[in-house]
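Hi,

Here's the structure I said I'd pass along. Have a look at it first, and my notes on what turned up follow underneath.

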Amino acid sequence: ILIWNTPLTPVQYKQVQMWADDKYGQSYPWAGINDYNVFFGDSIMQGIGATAILNQAPYLVAQSLGLSYGQWDNLGVGGISTPHMSTLAPTWIDPLPALIGKKVNLSAFEWYNDKATPFSDAETFLAARKAVANIRTVWGSSTGYNGDPDVNRNAYNAALDAASTTNIDAYVPIHNDSHIGTSTAYANFPANWSDGVHLSNTGYSYLSADFLSAIQSLLP
């Protein structure tokens with residue numbers, strides 16, 4: 001049993017994994033894959049509202065890609081904003097490609113907690129990630145909610161549409177998904193939400209399909 005007096009970052013967890021595998025002559029969990037998938041964002045990416053982990057979008061995507069535990073990360077954090085994602089990413093995400101020797105597909109999005117300057121904050125986050133070798137960005141727009149139609153959300157989505165090739169390797173226009181993203185989605189399909197903001201099991205199945213398609217577009 002190993003105990004630390006401080007929470008480990010995702011990168012430090014990998015270092016512990018590598019130490020243990022080296023010590024006991026085991027292969028790394030990610031040894032047989034070409035790309036390592038990381039999911040990052042707020043409570044929606046985390047999967048709040050799903051009845052179990054197996055109903056959350058990152059888990060569903062990982063299953064569709066045939067990934068096992070230790071071959072992907074769900075780093076969603078409830079309540080996080082895009083600027084806070086920018087604060088954490090240099091230690092949580094940026095060192096991963098060099099550490100594990102794999103390309104990292106970073107699937108992320110955040111709008112709800114960052115309504116003040118969401119587009120410029122997204123630009124800052126994406127530019128910094130693309131400055132790191134072997135990080136490929138899969139960036140989503142925004143999901144619908146009980147406050148739709150929202151002119152600020154619509155403006156954010158439109159700005160992303162116009163700049164979807166800037167520091168984004170695969171764009172996920174969630175706002176075009178009639179089941180979870182458009183301005184009428186919540187009114188037309190309320191069962192896709194567990195509350196006014198977070199998705200339900202059904203809603204997360206649509207979110208996972210949107211991200212899966214984008215990730216697959218990057219694969220050989």
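Strand E4 (residues 135-140) and E5 run parallel and are joined by three bridges. If you want a spot to zoom in on, try Trp139, which stands opposite Tyr171 in E5. Bear in mind throughout that this is a predicted model.

That pair of strands belongs to an open sheet of five strands, ordered E2-E1-E3-E4-E5, with parallel pairing. In general, strands of a sheet pair through backbone hydrogen bonds, and they can do so either parallel or antiparallel. The edges here are strand E2 (72-74) and strand E5 (170-172), each of which pairs on one side only. On average, and ignoring direction, neighbouring strands of this sheet are turned by 15° against each other.

Two helices to look at against the sheet:

- H6 packs on the sheet and touches strand E1 (35-41), strand E3 (103-109) and E4, with its direction at about 160° to that of E4.
- Helix H7 (residues 151-162) also packs on the sheet, touching E4 and E5, and its direction makes about 140° with that of E4.

H6 and H7 meet each other as well: their axes come within 9 Å and cross at roughly 40°. On the H6 side the contact uses Pro118, Phe119 and Ala122, and on the H7 side Tyr156, Ala159 and Leu160. By class, the contact of H6 with H7 has six nonpolar residues, with no polar and no charged ones.

H6 has another partner. The axes of helix H4 (residues 82-92) and helix H6 (residues 118-130) come within 9 Å and cross at roughly 15°. Angles under 35 degrees count as roughly parallel, so H4 is roughly parallel to H6. The crossing of H4 and H6 is left-handed. H4 brings Thr82, Pro83, Met85, Ser86, Ala89 and Pro90 to the contact, while H6 brings Asp121, Ala122, Phe125 and Arg129. In the contact of H4 with H6, the residues divide into six nonpolar, two polar and two charged. Ala122 is worth a click, since it is listed in the contact of H6 with H4 and also in that of H6 with H7.

Then there's the packing of helix H3 (residues 57-64) on helix H9 (residues 201-216), at an angle of about 50° with the axes 8 Å apart. That angle makes H3 oblique to H9. H3 passes H9 in a right-handed crossing. From H3, Ala57, Leu60, Val61 and Ser64 meet Tyr204, Ser205, Leu207, Ser208, Phe211, Leu212 and Ile215 in H9. The contact of H3 with H9 has eight nonpolar, three polar and no charged residues.

On to the rings: the structure holds twelve aromatic pairs. One of them is formed by Tyr112 and Tyr145, an edge-to-face pair at 5.5 Å centre to centre with 80° between the planes. The pair links distant parts of the chain, with Tyr112 in the loop between E3 and H6 and Tyr145 in the loop between E4 and H7, 33 residues apart.

Lastly, a couple of backbone details. Most residues other than glycine have a negative phi, and most peptide bonds are trans. Which peptide bond is cis here, with omega near -5°? The one from Asp148 to Pro149, and Pro149 is found in the loop between E4 and H7, where Tyr145 also lies. For phi, look at Asn134: its value is near 70°, which is positive in a residue other than glycine. You'll find Asn134 in the loop between H6 and E4.

Cheers

Technical notes
Residues are numbered from 1 along each chain as its sequence is written. This is a predicted model: local features need pLDDT of at least 70, side-chain atom pairs count only at pLDDT 80 or more; totals for chains, interfaces and linings use all residues. Side-chain values use heavy atoms; hydrogens and water are left out. Axes are lines fitted to C-alpha atoms, for helices over the stretch in contact, and angles run from 0 to 180 degrees between N-to-C directions. Helices (H or I, at least four residues) and strands (E, at least two) are DSSP runs, numbered from the N terminus. Angles under 35 degrees count as roughly parallel, over 145 as roughly antiparallel, 65 to 115 as roughly perpendicular and the rest as oblique. A crossing is left-handed if the near helix is turned anticlockwise from the far one by less than a right angle, and right-handed if clockwise. Contact means heavy atoms within 4.5 Å. Ala, Val, Leu, Ile, Met, Phe, Trp, Tyr, Cys and Pro count as nonpolar, Asp, Glu, Lys and Arg as charged, and the others, Gly among them, as polar. Two strands pair if DSSP finds at least two bridges between them. Rings of Phe, Tyr and Trp (its six-membered ring) pair if their centres lie within 6.5 Å; planes under 30 degrees apart count as stacked, over 60 as edge-to-face and the rest as tilted.
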